[in-house]
Amino acid sequence: MEANLLFRKEILEKTGSDPELRNLVWQACERDILYFINAFCWTYDPRKPNPKIPFITYGFQDNALLCLEESLPHKKESGEDFKGSDILIEKSRDMGASWMCLTLFFWGWLFRPMQSYLMVSRKESLVDGSADSLFGHIDFLMKGIPAWMRPAMTRNKLKLINLDNGSKIEGESTNDNIGRGGRRGAMLIDEFAAFDGGGWDTLSATADTSNCRIFNSTPCGTANAFYAQREKGTPRLRLHWPLHPEKGEGLYQDEKGKPRSPWYDGECLRRAHPVEIATQLDIDYLGSNYPFFPPDILDDLVTAFGLDPKHVGTMIVSPDGTGEFSEDGVGDLRVWCHLDEGGSPPSDRDYVVGCDVSQGTGASDSAISVGDRMSGEKVAELCTNQLSANRFAELAVAVCNMFSGPGGRPAHLIWEATGPGRTFGKTVVDDLRFGNVYYMTDDRSIKKRQTDKPGWFSTGDGKKDLLNDYRNALVSKKFINPSERAIRQASEFVYSPNGKIEHGGSANSIDPSDRGDNHGDVVIADALCSKLLHRSIQKPKREAQGPHLMSLAWRRQQRRDDEREYIETW
């Protein structure tokens with residue numbers, strides 16, 4: 001530190017009065033980013049007594065910076081043009097990765113003509129607007145260099161232009177048109193693993209924007225595009241805390257071979273949760289997702305209640321909403337209760353049916369779970385990924401009619417009403433005139449008022465409450481689930497570092513269709529089924545027969561439905 005500060009002081013004094021030396025120093029900076037950083041760049045750390053710190057690179061940072069520079073478009077020694085390449089930085093917290101990437105862009109902006117760089121983060125405030133933002137760091141770097149080195153420039157929100165050489169740095173947050181404003185020499189996508197929706201839209205939208213995308217992030221589980229890029233073999237820099245000389249001082253290994261140090265031990269005491277340690281320190285993708293359903297409990301449930309279905313077959317749906325079960329051993333419907341010769345279950349039981357609805361494009365399953373209200377057992381399960389929402393609604397109603405209780409009353413039906421569930425619900429209630437359905441209830445209110453909206457809506461913390469209740473029902477044996485497939489799928493639900501409960505998909509999958517909280521379909525169907533098992537039956541909020549065909553009331557209703565469908569489609 002002392003030697004570096006004396007060196008900087010000498011350079012500043014001599015270049016201030018010697019134009020020829022100033023020109024030589026400029027050329028040295030232009031040729032060597034490490035010289036430029038260690039002679040002229042400063043960083044900021046408010047945790048230090050003196051927050052302004054000279055940027056003196058560690059050995060691991062030297063290697064990282066040179067690798068990042070090589071990933072930028074440049075002319076090779078052979079004279080060939082290199083168009084750039086993607087590179088991924090997986091890191092422990094506080095390794096200087098963001099400062100390195102921003103300093104790389106700042107160096108290119110200052111010394112390379114006609115460069116165009118883009119910085120992206122999940123919120124605009126993280127890109128520009130404060131000292132801690134990406135542009136806040138760039139502004140700090142700008143203030144640290146001597147006046148003779150600063151070019152003529154314009155600095156607007158989310159944009160910095162070098163008027164002397166035509167280079168620019170711009171910023172964006174995640175939006176529908178990210179990266180579509182033109183081609184870039186390089187992009188920084190900062191803390192990519194924490195992007196909403198897993199970052200899949202950003203990954204797709206930026207593919208043609210630049211040949212050099214720098215994906216920089218600490219881990220945030222496996223259900224995101226950052227992890228997918230890592231698994232696909234994108235060139236990778238691993239900045240693990242033992243590389244840092246201060247953090248790795250006194251390095252040792254525990255009995256499992258895991259690296260530790262006095263610094264690491266202290267950080268573990270300060271961190272509140274194993275997820276935080278895995279995310280911020282260990283670069284542990286699986287550990288950065290904490291299981292929502294305790295794995296040991298799920299194993300015990302499979303051992304205690306897991307059974308092969310007694311009947312496997314296909315539900316053949318009739319135009320009138322009824323169905324016939326054909327036992328073929330290969331169909332989608334699996335049944336654990338006894339069926340008579342006609343394929344009907346016991347009629348002295350009270351059944352409920354929970355549904356999770358997909359688009360039916362093959363990306364994820366639509367699922368049906370049938371429960372016996374009297375015993376608390378799941379008695380049937382169906383999964384399919386090839387039926388549209390309205391065709392799946394016809395199938396669900398046929399299953400409800402198959403599992404009819406006393407007096408021929410069909411099973412009580414509940415479904416998630418958002419997304420494709422809207423089309424499903426419209427088909428069930430309006431087209432098929434099926435009346436024994438769940439109407440949304442405010443379960444958090446004292447009076448638990450029932451609305452006139454058919455289906456269950458996942459609003460606010462609704463899905464978290466639903467899964468919490470389902471987990472409690474499994475643990476307390478109030479819901480007996482014999483389906484090993486469904487229980488194993490429950491193990492894929494995790495607490496993410498942002499506090500949400502998400503479906504992490506298979507640890508080996510890099511397919512976006514297997515990610516995110518819109519999947520885990522059988523579990524959601526089971527949770528909805530469990531929700532109804534111990535509730536009193538609701539009274540229907542509307543009559544099943546509706547207005548007479550072709551009457552004035554019927555025509556008005558049709559027009560309102562058409563207008564609603566048009567608005568919902570848009």
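Which residues are buried in helix α10 (residues 262-270)? In this predicted model, the buried positions of α10 are Tyr264, Glu267 and Cys268. They share one side of the helix, because they span an arc of only 105° around the axis. Their packing partners are β14 (259-260) and α11 (274-282). The face turned away from this buried side carries exposed residues, namely Pro262, Leu269 and Arg270.

The chain as a whole has 570 residues, of which 49% are buried. Its secondary structure comprises 18 helices and 26 strands. Among contacts with a separation of 6 or more, 65% join residues 24 or more positions apart. The accessible surface amounts to about 27,800 Å². Carbon and sulfur atoms contribute 50% of that surface.

One open sheet contains 8 strands. Their order is β7-β8-β9-β6-β10-β11-β5-β12, and the pairing is mixed. The edges are formed by β7 and β12 (236-239), each of which pairs on one side only. On average, neighbouring strands in this sheet are turned by 15° against each other, direction ignored.

Strand β9 (residues 168-173) is mostly covered, with 5 of its 6 residues buried. It pairs with β6 and with β8. The pairing with β6 (residues 116-121) is parallel and is made by 6 bridges. The pairing with β8 (residues 159-162) is antiparallel and is made by 3 bridges. Within the latter, leucine 160 has isoleucine 169 of β9 as its bridge partner. A hairpin is formed by β8 and β9, with 5 residues between the two strands. Glycine 166 lies in the turn and has a positive phi of about 80°.

Strand β6 also pairs with β10 (residues 186-190). These two strands run parallel and are joined by 4 bridges. Valine 120 stands opposite isoleucine 189 in β10. Serine 116, another residue of β6, stands opposite lysine 168 in β9. Is serine 116 buried or exposed? Its relative accessibility is 13%, so serine 116 counts as buried. Beyond its neighbours within four places in sequence, serine 116 contacts Lys168, Arg183, Arg184, Gly185 and Ala186.

Helix α7 lies across this part of the sheet, covering β6, β7, β8, β9 and β10. Its direction is at about 135° to that of β6. The loop between α7 (134-144) and β7 (153-156) holds arginine 150. At 34% relative accessibility, this arginine counts as partly exposed. Outside its neighbours within four places in sequence, arginine 150 contacts Met142, Lys143 and Ile145. Asparagine 162 is 12 residues from arginine 150 in sequence. The C-alpha atoms of the two residues are 9.2 Å apart.

A further open sheet has 7 strands, in the order β17-β16-β18-β21-β20-β19-β22. Its pairing is mixed. At the edges stand β17 (323-327) and β22 (412-415). Each has a single partner strand, so one side of each is left without a neighbour in the sheet. Neighbouring strands here are turned by 25° against each other on average, direction ignored.

The partner of β22 is strand β19 (residues 351-356). The two pair in the parallel sense over 4 bridges. Valine 353 is bridged to leucine 413 in β22. Helix α14 (residues 421-431) packs on this sheet and touches both β19 and β22. The direction of α14 makes about 155° with that of β22.

Elsewhere, helices α3 (residues 33-40) and α5 (residues 97-111) pack against each other. Two packed helices are described by the angle between their axes and the distance between the axes. For α3 and α5, the angle is about 105° and the axes are 11 Å apart. The two helices are therefore roughly perpendicular. From α3, the contacting residues are Ile33, Phe36 and Ile37. From α5, they are Thr103, Leu104, Phe106, Trp107, Leu110 and Phe111.

Note on methods: Residues are numbered from 1 along each chain as its sequence is written. This is a predicted model: local features need pLDDT of at least 70, side-chain atom pairs count only at pLDDT 80 or more; totals for chains, interfaces and linings use all residues. Side-chain values use heavy atoms; hydrogens and water are left out. Buried means under 20% relative accessible area, exposed over 50%, partly exposed in between (1.4 Å probe, protein chains only). Contact means heavy atoms within 4.5 Å. Accessible areas come from the Shrake-Rupley method with a 1.4 Å probe; for residues, only the protein chains shown count as cover. Two strands pair if DSSP finds at least two bridges between them. Axes are lines fitted to C-alpha atoms, for helices over the stretch in contact, and angles run from 0 to 180 degrees between N-to-C directions. The arc is that of the directions from the helix axis to the C-beta atoms. Angles under 35 degrees count as roughly parallel, over 145 as roughly antiparallel, 65 to 115 as roughly perpendicular and the rest as oblique.
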